[in-house]
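Okay, thanks everyone, let's get going. I'd like to walk you through one model today, and please have it open while I talk.

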Amino acid sequence: MKVLKFGGTSVANAANIQRVKSIVENTKSDRVFVVVSALGGITDLLMEALNRASKNDKGYAQVLEAIEKRHLETVKALFPPQAQSAILGKVKTDLNALESMVEGALMIGEITPGLSDKVVSHGELLSSFIIAEFLKKDGLDAIFKDSRELIVTDETHGRATVYFNETQKNCKDFFNGTSQKIVVLPGFIAASKSGKITTLGRGGSDYTAAILAGALDAEVLEIWTDVSGMFTANPKLVKQAKCIEHISFEEAMELSHFGAKVLYAPTIQPVLAKAIPIHIKNTFAPEDTGTLISKNQNSGGKTVKGISHVGNITLLSLEGPGMVGIPGISKRFFETLFLENISVVLITQASSEHSICVGISDIDAEKAEKAVNDAFELEISAKRIKPAIVESDLAIIALVGDNMKNHQGLSGKMFSALGKNNVNIRAIAQGASERNISAVIGKEDVKKALNTLHEAFFEEQVKQLNLFIIGVGNVGSRLLQQLQQQKKYLKKELKLNVRVIGLSNSSKMVFDEDGLDLRQWTELLDHGQHADPNLFFKAIKKLNYRNSILVDNTASESVANSYGDFLKESISVVTCNKIACSSDYAHYSKLKQLSKEYNAPFLFETNVGAGLPIIDTLKHLIASGDKVHKIQAVLSGSLNFVFNNFSSDVTFHDIVKKAQEGGYTEPDPKIDLSGIDVMRKILILARESGYQLDIDDIENESFLPEESLRTSSNDEFFASLKRYESHFQNIYQQATSKKCRLKYVAQFEDGKARVGLQHIPEGHDFYNLEGSDNIVLFYTDRYIDQPLIIKGAGAGADVTASGIFADIVRIGNF
Ligand code: ADP
Ligand code: ASP
Ligand code: MG
């Protein structure tokens, strides 16, 4: 014989019940016991009605109406009109009885556990009756049997304990006394010896089915639900989760104990002793293989089988010097919890015996705190033990696998993955069987932690990077283009899955948790919501993705000022915006420190020399123990472009205009021409070389006339350039008369920096610098006479975008 259990979603409405019928019909077995849950969501509604009534909230009547409507609609859709009245009559009688009970709670203003069980039992009673009638109507050899006549329990309402001997006898007698092929029974409900209605705990229909399977020596227990099996993690939270084909009883028990709701934890016990396999199947995809839970499944080489989590956890700790070496403290502690009927999900104890810490349900927190403080009142008043410490709103996350004990380094890998993603761990426990390692974390981190661990243990090859990009101008749009173009390569060759989750310019912003389709980012952004930097930050924080990166492609001061907020949330920052790194030294070093503290890289390679690997090289020099003494550099692609093209044949004004139009200057070209941009760059190089310098410490001999420097708009600036053409021609003539070329040079030596236009003679490293090229000469302990030289295109949207791209990939390899 087989036992089949159908969960709430599987019997939620008439269409689903039709599916159930076809599954039952096609089951190959001489006898089939079908255990059903209440129609999906009904148990919650029953509890809500009861709660409201007990609080004198008249809204309970509407909830009851909704319950009635669901059932009546289901009956009407399943049965032809002539068959409906008898069924509807019985359903209505039941619902009337239910209403009277709920009104009882309204009158007495409270809910007794016994009343609660009576009320919620209606969910399963109604569903099983309707389904049994439906199967019979279509000529199947089926009958209904009330589980309360078979399963005997104590009188602990809400989660009763089963008396197996009596139950087994009842089941066998019933089985032998009936001949029908199909028996439909309500899950979840049972009765005490004196006939009081009890329930087996939320999700308890699985348990009902297992109790029957165990008692009747079923060949298999099939759990039909709304997912295709037990997954490597909850598929609703981890998109990459995969179905586990085979798993051992013990592993399944651990996973469900730690929250894999697909199987109610106590379900394993009744079938384990007889090694009856459990098959988890999907009512909505019956052809899927599902998960087979059986004895000693070969792990197929897998160490970690699954990851689960349980939310709404409170940590309760007892500590104090009076606990050391005194026998019996733990016993008293656990006895206290036991007597209050509080179940302990996780236990940790410090090796010094200085403290005991347990994880319990949030709902039990208050009761537990009071009970423990009462039990240890004497010790607490004598200050030998501190009052219980209670920390709520936590969650437990657990790695499970039979084979974990044979492998070293799993917990190291687990905790370093969590640490890297800034998941704070409050407590740790490892089962003696070494079948699970569990950690207590904040509930807001659950999704991130699950995905982090899933990535570390099941998708080892591919790392996900989640980008939030601000600025889609010249540089930003090229970056998006490059990301789109390289997506496949990054995944295949570098095992990086780079997704743009959020995108913003100054007027619009758009988010897509699955990653924006970069082929149509302009349309998506156009249809996005109104841009709001504050909301952008809040949204990123709320999404709380691991490997999140803010990419700033703007020259905006306010965006630059927000980096600290991102770093503090462990969100990495990649930027081509120089404002933050050239702001005052305290701010720059604070950002570097936050980056370290929160494990969030802060990368700005493109601040100097666009895509050239200048800062990265500098970092490697310093890391390997070298020391920079002197830097000489031409760092302005814009000024290079200008002076390389300027001659007596063209006007200075036209050349600057051309540079601006070609994207070689900052949006405000005065920032380049005045030398400010170069000052910022040499400042950043000096700082990255380990020197403490501020922008005011840098000497700048500007070649611009005073009037041009004082202009306040681009138009005014360009007009002044026109007016001073002879001034610029003069500068040009002076250089050519000495056979020199004009280069805007930045220097750093002996802790001092300066920038300015210089006459460069033939033969000098800077003489042949073409187009918008940059060059940097580093003189260090190791590069004494011959400097380390980096040279190449130092401006332009494409190379800047590729520099940002490289920083993103660096974080991917971090
Ligand atoms: P039923 O009503 O059929 O008993 P449940 O809602 O109790 O169904 O259990 C199925 C749900 O369990 C799935 O929809 C899924 O959200 C959740 N779940 C949690 N962890 C896992 C897991 N590791 N594998 C599969 N499902 C899981
Ligand atoms: N209906 C009950 C619940 O929702 C039992 C079950 O569905 O397993 O908890
Ligand atoms: Mg369930």
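I'll go through the domains, then an interface, then the empty spaces, and end on salt bridges.

So, first thing to keep in mind: this is a predicted model. The domain assignment splits the protein chain into domain 1 (2-226), domain 2 (306-458), domain 3 (463-607) and domain 4 (614-794).

Let's look at domain 3 and domain 4 together. Their C-alpha centres are 29 Å apart. In terms of contacts, 15 residues on the domain 3 side touch 17 residues on the domain 4 side. Now, people often quote the size of an interface as the accessible area that is lost when the parts come together. For this pair, about 1300 Å² is buried, and 55% of that sits on carbon and sulfur atoms. Who pays for it on the domain 3 side? Lys 578, Tyr 585 and Glu 605 lose the most area to domain 4, and together they make up 43% of what that side buries.

There's some charge pairing here too: 3 salt bridges turn up across the interface of domain 3 and domain 4. Keep Lys 578 on your screen, since its side chain meets that of Glu 666 in a salt bridge, 3.5 Å from N to O.

Glu 666 comes back when we turn to the second largest pocket, which has a volume of about 930 Å³. Which residues lie nearest its centre? Those are Asn 553, Thr 554, Ala 555, Glu 666 and Pro 667, out of a lining of 46 residues. Both domain 3 and domain 4 give at least three residues each to that lining. If you colour by helix, you'll see several that supply at least two lining residues each, among them α15 (474-494), α17 (533-543), α25 (676-688) and α29 (797-812). By class, the lining of this pocket comes out as 17 nonpolar, 21 polar and 8 charged residues.

Okay, from pockets to closed spaces. How many cavities of 30 Å³ or more do we get? The count is 1. The largest cavity holds about 30 Å³ of space. Its lining is Lys 447, Lys 448, Asn 451, Leu 543, Asn 544, Tyr 545 and Arg 546. Helix α14 (residues 446-458) gives the largest share of that lining, with 3 residues. Split by class, you have 2 nonpolar, 2 polar and 3 charged residues around the largest cavity. And where does the largest cavity sit relative to the domains? Domain 2 (306-458) and domain 3 (463-607) both contribute lining residues, so the cavity lies between them.

Last bit, salt bridges overall. The structure has 39 of them. One to click on is Lys 370 with Asp 374, where the side chains meet at 2.8 Å, N to O. Lys 370 and Asp 374 are both in helix α11 (residues 365-375), and they sit 4 residues apart, about one turn of the helix.

That's my tour, so over to you for questions.

Technical notes: Residues are numbered from 1 along each chain as its sequence is written. Chains are lettered from A and ligands numbered from 1 in the order in which they are written. This is a predicted model: local features need pLDDT of at least 70, side-chain atom pairs count only at pLDDT 80 or more; totals for chains, interfaces and linings use all residues. Side-chain values use heavy atoms; hydrogens and water are left out. On a 1 Å grid over the protein atoms alone, a cavity is a set of points where a 1.4 Å probe fits but cannot get out, and a pocket is an open set with protein on both sides within 12 Å along at least five of seven lines; lining residues have an atom within 4 Å of a point. Grid points are joined across faces, edges and corners, and a volume is the space filled by probe spheres set on the points. Ala, Val, Leu, Ile, Met, Phe, Trp, Tyr, Cys and Pro count as nonpolar, Asp, Glu, Lys and Arg as charged, and the others, Gly among them, as polar. Domain bounds come from an automatic or database domain assignment. Contact means heavy atoms within 4.5 Å. Buried area is the accessible area (1.4 Å probe) that two parts lose on being put together, summed over both. A salt bridge is a side-chain nitrogen of Lys or Arg within 4 Å of a carboxyl oxygen of Asp or Glu.
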